[in-house]
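Colleague: I am new to this model and would be grateful for a close look at a single part of it. Please set that part in the context of the whole.

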Amino acid sequence: HGQGGIGGLVARVMGPVLFLLFMLEDFLFAYSKLMDKLQVPLLVVVIAMHTIFLLQAYRKFRRFSKLRNRIQGLVKDLVDRKATDVLTHCLANINVATLMEVCTQETMDHLVRGAIQF
């Protein structure tokens, strides 16, 4: 799904704006008087954009971590309750390679141990 709000706007605009800023910087090297006036404002804009980008990345990481922990809890609960029908149905309807990619090693170990016990 698409990203909304200011973070989504920054994510879509960050690359082109940085490209234009770096082009402007190259242009300003040819005109040293103008460079002296615009160097600090351009630096502030670049630092602000990177700060916003890092905050967005941190928020995504936190959201991903919460979802990964939720998956881990669901898998643990299914294995502990020996819900073989539900677990079989889930594993048949998802991409197991993707599950292995997004889950922790602990989740996969729990899933394998549960499969061995069944």
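Where is the place of L21?

Modeller: L21 lies in helix α1, which covers residues 5–30; helices (H or I, at least four residues) and strands (E, at least two) are DSSP runs, numbered from the N terminus. The model is predicted, so local features need pLDDT of at least 70 and side-chain atom pairs count only at pLDDT 80 or more, whereas totals for chains, interfaces and linings use all residues. Residues are numbered from 1 along each chain as its sequence is written, and side-chain values use heavy atoms, with hydrogens and water left out.

The protein has 5 helices and 0 strands, and its elements run α-α-α-α-α from the N terminus on. Of its 118 residues, 22% are buried, and L21 counts as buried because its relative accessibility is 13%. Buried means under 20% relative accessible area, exposed over 50%, and partly exposed in between (1.4 Å probe, protein chains only).

Leaving aside residues up to four places away in sequence, L21 touches L42, V45, V46 and M49, a contact being heavy atoms within 4.5 Å. V46 is 25 residues from L21 along the chain, and their C-alpha atoms are separated by 8.0 Å. The buried residues of α2 include L42, V46 and M49. Across the protein, among contacts with a separation of 6 or more, 67% join residues 24 or more positions apart.

L24 is also found in helix α1, but L24 is partly exposed because its relative accessible area is 32%. With F27, Y31, L34 and L38, L24 makes a nonpolar surface patch of about 430 Å². Such a patch joins nonpolar side chains (Val, Leu, Ile, Met, Phe, Trp, Tyr) within 5 Å, from residues with over 30% relative accessible area and no salt bridge, that is, no side-chain nitrogen of Lys or Arg within 4 Å of a carboxyl oxygen of Asp or Glu. Both α1 and α2 (32–80) supply at least two residues of the patch.

L38 is also where α2 bends by about 45°, with the proline P41 following within four residues; the bend is the angle between axes fitted to the seven residues ending there and the seven starting there. The end C-alpha atoms of α2 are 69 Å apart, which agrees with the 72 Å that its 49 residues should span at 1.5 Å a residue, the expected span being 1.5 Å times one less than the number of residues. After α2 comes K82, whose phi is positive, near 55°.

Definitions and conventions:
Patch = residues over 30% accessible without salt bridge, like charges linked within 9 Å, V, L, I, M, F, W, Y side chains within 5 Å. Areas by Shrake-Rupley, 256 points an atom, 1.4 Å probe, with all protein chains shown as cover.
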